[in-house]
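Thanks for coming, everyone. I will put the sequence and the model on the screen, and then we start with a single side chain.

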Amino acid sequence: MTYFLHIKRLFLFCGRLLVISSALNLLSFSVIAKESSIHAKTHAKPQLLFIGDSHTVGVFGHTLTHLLTDALPTVDVTTVASCGSDPKWWIEGKPTTCGFWQKKPNGSQIDEHKAYTPKLEKLLRIKPKLTLVALGSNIVLMNEEERLSYTQTMMEMIEKKSSRCVWIGPPDSRKFNVQEINTVYSLLKKMSKQYHCQLVDSRKYTLYPSVGGDGLHYGGKEGTVIALHWAEKVFSHDMKPILLKSFSHEREYKKN
């Protein structure tokens, strides 16, 4: 009888040890999981989002993306460009039929003739520290009410995500007259001031050739040189000070 009582007590003791051991293991896994989560959040790469229209699909966008990626080796740079797009397209997800280009931080690219413009709301889920918008030429074609409404919505969305905002306005063109471009810039200046978005005036760096081309896009031998110059000037004159503010740590921004 004493023997069986001893065995029973031994089983009870072992059972308690097993319960305690299991509880300690669960606690240990919980602590490790939390530490791993904190570690991952601490070392998550900063994000930069660059969106634009056909100019970004072309030489200007490719060149500026390369400059940004090279200057920010530890920042995830995502570029999304939709030909023909205006602010309404990025709010509603309108399709393009003249060219779509996307470059992801891992270097993979999507280059299609037809595609849906991703909604800005979805793109902002990466929580970019800096959002770069290169839109304006197609704003000329919008009616006054939609220009105001959709441009305001875009800037407001970016500000609400606590992202620093830079808006690159339209370049010089032969298709639209000076007054039409001036009207767009007047709107962008008003909205950018209200929503703390820095405006870059592309007219300082561009002069559309007097002959050749389609009057809007910078292609061909002469147009390509202008587009390259435009991207390089925007980067060196306008973007560098903003990059220092947004990605000030030397691990994130290559000053040279």
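With which side chain does the side chain of Q47 make a polar contact? The partner is the side chain of D76, at 3.2 Å. Before going on, please keep in mind that this is a predicted model.

Let me stay with Q47 for a moment. Q47 sits in strand 1. Is Q47 buried or exposed? Its relative accessible area is 14%, and the cut-off for buried is under 20%, so Q47 counts as buried. Now its surroundings. Leaving out residues up to four places away in sequence, Q47 touches V75, D76, I126, K127, P128, K129, L130 and F247. D76 is on that list, and D76 is also the polar partner. L130 is on it too, and we will meet L130 again.

Next, the nonpolar cores. The largest one has 31 residues. Which of them touch the most other members? They are I51, W90, L120, M154 and W167. Several elements give two or more residues to this core: strand 1 (47–52), helix 4 (87–92), helix 5 (120–123), helix 6 (144–160), strand 8 (164–168) and helix 7 (178–194). Helix 7 gives the most, with 6 residues. There is also a second, separate core. That one has 25 residues, including L48, L64, V234 and F235.

Take I51 as a closer example from the largest core. Setting aside neighbours within four places in sequence, I51 is in contact with V80, W90, L120, L123, L132, V133, A134 and M154. Three names there also appear among the residues that touch the most other core members: W90, L120 and M154.

Now to strand 8. Strand 8 is mostly covered, with 4 of its 5 residues buried. Which strands pair with it? Strand 7, residues 130–134, pairs with strand 8 in the parallel sense, over 5 bridges. Here is L130 again: it stands opposite R164 in strand 8. Strand 9, residues 197–200, also runs parallel to strand 8, and 4 bridges join them. On that side, V166 has Q198 in strand 9 as its bridge partner.

What about the connections? From strand 8 the chain crosses through helix 7 to strand 9, and this β-α-β crossover is right-handed. Strand 7, helix 6 and strand 8 make a right-handed β-α-β unit as well. A general reminder while you look at these strands: in a regular strand, side chains alternate between the two faces of the sheet.

On to the cysteines. How many disulfides does the count come to? It comes to 2. Number the bonded cysteines in sequence order, and the pairing is 1-2, 3-4.

The first pair I will show is C83 with C98, S to S 2.0 Å. The torsion about that S-S bond is about -105°, so this disulfide is left-handed. The pair links distant parts of the chain, 15 residues apart. C83 is in the loop between strand 2 (76–82) and helix 4. C98 is in the loop between strand 3 (95–96) and strand 4 (100–103). Their accessibility values are worth reading out. C83 is buried at 9% relative accessible area. C98 counts as partly exposed at 40%.

The other pair is C165 with C197, with the sulfur atoms 1.9 Å apart. The value about the S-S bond is -55°, and the link is left-handed. C165 lies in strand 8 and C197 in strand 9, so the pair ties together parts 32 residues apart in sequence. C165 counts as buried at 3% relative accessibility, and C197 is buried at 4%. So strands 8 and 9 are connected by a disulfide, and they are also joined by 4 bridges.

Last stop: S137. Where is S137 placed? It is in the loop between strand 7 and helix 6. S137 has a relative accessible area of 3%, so it counts as buried. Which side chain shares a polar contact with that of S137? The partner is H55, at 3.3 Å. Not counting residues up to four places away in sequence, S137 touches D53, H55, P170, P171, F176 and L216. One long-range pair to finish: S137 and E180 are 43 residues apart along the chain, and their C-alpha atoms are separated by 9.6 Å.

That is my tour. Over to you.

Note on methods. Residues are numbered from 1 along each chain as its sequence is written. This is a predicted model: local features need pLDDT of at least 70, side-chain atom pairs count only at pLDDT 80 or more; totals for chains, interfaces and linings use all residues. Side-chain values use heavy atoms; hydrogens and water are left out. A nonpolar core is a set of buried Ala, Val, Leu, Ile, Met, Phe, Trp, Tyr and Cys residues joined through side-chain atoms within 4.5 Å. Buried means under 20% relative accessible area, exposed over 50%, partly exposed in between (1.4 Å probe, protein chains only). Contact means heavy atoms within 4.5 Å. Two strands pair if DSSP finds at least two bridges between them. A crossover is right-handed if, with the strands pointing away from the viewer, the path from the first strand over the helix to the second runs clockwise. A polar contact is a pair of N or O atoms within 3.5 Å; within protein, one must be able to donate a hydrogen and the other to accept it, and residues adjacent in sequence count only if both atoms are side-chain atoms. A disulfide is a pair of cysteine sulfur atoms within 2.5 Å.
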